[in-house]
Amino acid sequence: MEVSVFQQPKKGNYYCGDSYYYKETENEFICALADGLGSGEYAKESSQIVMDIIEENVHADVEQLIRICNEKLVGKRGVVLGVLKVNFRTNAYTFSSIGNIGIMTITEKQEKKRSIPNSGYLGGYRRPFKVFDGVLDPGIIFIMFSDGVNSMDLSAKYFLGKDVDRITETYAAIGGKNRDDDTTLIAMRYLD
């Protein structure tokens, strides 16, 4: 997987309340993005806790990861979370997003598909959520993003490019300035 990340804190903040993690092994790839509720240092603390949990449980499936993260957030500020797992052996991927973490796929034929996240947030309370499955097509691009990225940004033509570095660089130059919220955009491309 090729990966490129753009991240910027809310205007006027030192800490970005978004945290992300990704790792590739011989058999799989995982990427997770959490946005702590609110902004600043305490939002960063909660989102980083979730990334640490995912790193410690990297081989769990998406559903297990979300449940474990939710349990560990009792007494902390909540988070919204997106998790993507790619299985290279089965040529399949699974993902789930809770709250306003978005995931969009773009095929080689430049077909965009944006998933609708599960409502709510993780904060120690049991919540129903769905996990989505898909086929890993050659050259598919995944875009995972926090709520600092808006729908107008996602409709831009540069998202149809195949170079993930160019996608994040163009976003930074055009869409990633003067934000009223923490912003993270992760572009990932499957290389078959």
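Here are some worked exercises on this predicted model.

## Exercise 1: Cysteines and disulfides

Find how many disulfides the whole structure holds, and explain why cysteine 16 is not part of one.

*Solution.*
- Step 1. Begin with the whole structure: a search for disulfides comes back with zero.
- Step 2. Recall the cut-off, which is two cysteine sulfur atoms within 2.5 Å.
- Step 3. Now look at cysteine 16. Its closest cysteine sulfur belongs to cysteine 31 and is 14 Å away, so the two are too far apart for a bond.
- Step 4. Turn to cysteine 69, which is in no disulfide either. For cysteine 69, the nearest cysteine sulfur is that of cysteine 31, at 13 Å.
- Step 5. Finish with the surroundings. Cysteine 16 has a relative accessible area of 9% and is buried; cysteine 69, at 0%, also counts as buried.

## Exercise 2: The largest pocket

Describe the largest pocket: what is its volume, which residues lie nearest its centre, and which element gives the most to its lining?

*Solution.*
- Step 1. Take the volume: the largest pocket holds about 240 Å³ of space.
- Step 2. Look at the lining, made up of 15 residues. Nearest the centre lie Tyr93, Phe95, Thr105, Lys113 and Asp133.
- Step 3. Trace the lining back to the strands. β5 (92-98), β6 (102-106), β7 (112-114) and β8 (132-135) are the elements that give two or more residues to it.
- Step 4. Pick out the top contributor, which is β8 with four residues.
- Step 5. Sort the lining by class: seven residues are nonpolar, four are polar and four are charged.

## Exercise 3: A second pocket and a cavity

Give the volume and lining of the second largest pocket, then do likewise for the largest cavity.

*Solution.*
- Step 1. The second largest pocket contains about 180 Å³ of space.
- Step 2. Its lining includes Ile66, Arg67, Asn70 and Glu71, along with Leu122, Tyr125 and Phe129. Arg126 and Arg127 belong to this lining as well.
- Step 3. By class, four of the residues lining the second largest pocket are nonpolar, two are polar and four are charged.
- Step 4. Move on to cavities: across the whole structure, one has a volume of 30 Å³ or more. The space in the largest cavity is about 40 Å³.
- Step 5. Among the residues around the largest cavity are Ile106, Glu108, Gln110, Ile141 and Leu160. The lining of this cavity divides into three nonpolar, four polar and two charged residues.

## Exercise 4: A lysine in a strand

Is lysine 85 buried or exposed, and which polar atoms does its side chain meet?

*Solution.*
- Step 1. Locate lysine 85 in strand β4 (residues 79-87).
- Step 2. Check its accessibility. The relative value is 7% and buried means under 20%, so lysine 85 counts as buried.
- Step 3. Look for polar partners. The lysine 85 side chain makes a polar contact of 3.4 Å with the side chain of glutamate 28. A polar atom of the lysine 85 side chain also lies 2.8 Å from the backbone oxygen of valine 58.
- Step 4. Widen the view to residues beyond four places in sequence: lysine 85 is in contact with several, including Phe29, His59, Asp61, Leu65 and Tyr93.

## Exercise 5: Four loop residues

Place serine 115, proline 138, asparagine 91 and glutamine 110 in their loops, and say what can be noted about each.

*Solution.*
- Step 1. Serine 115 sits in the loop between β7 and β8, and is buried at 13% relative accessible area. Beyond four places in sequence, its contacts are Phe95, Ser97 and Ile103.
- Step 2. Proline 138 belongs to the loop between β8 and β9 (141-145). With a relative accessible area of 45%, proline 138 is partly exposed.
- Step 3. Compare sequence with space: proline 138 and aspartate 192 are 54 residues apart in sequence, yet their C-alpha atoms are 5.5 Å apart. Proline 138 touches Asp192, and also Glu108 and Tyr190.
- Step 4. For the remaining two, look at phi. Most residues other than glycine have a negative phi. Asparagine 91, in the loop between β4 and β5, has a positive phi of about 50°.
- Step 5. Glutamine 110, in the loop between β6 and β7, has a positive phi of about 65°.
- Step 6. Add the accessibility: asparagine 91 is partly exposed at 37%, and glutamine 110 is partly exposed at 42%.

Methods
Residues numbered from 1 in each chain as written. Predicted model: local features only at pLDDT ≥ 70, side-chain atom pairs only at ≥ 80, totals over all residues. Heavy atoms only, no water. Buried < 20%, exposed > 50% of the residue type's maximum accessible area, 1.4 Å probe, protein only. 1 Å grid on protein atoms, 1.4 Å probe; cavity = no way out; pocket = protein on both sides within 12 Å on 5 of 7 lines; lining within 4 Å. Points joined across faces, edges and corners; volume = space filled by probe spheres on them. Nonpolar A, V, L, I, M, F, W, Y, C, P; charged D, E, K, R; others polar. Polar contact = N/O pair within 3.5 Å; in protein donor to acceptor, adjacent residues only side chain to side chain. Contact = heavy atoms within 4.5 Å.
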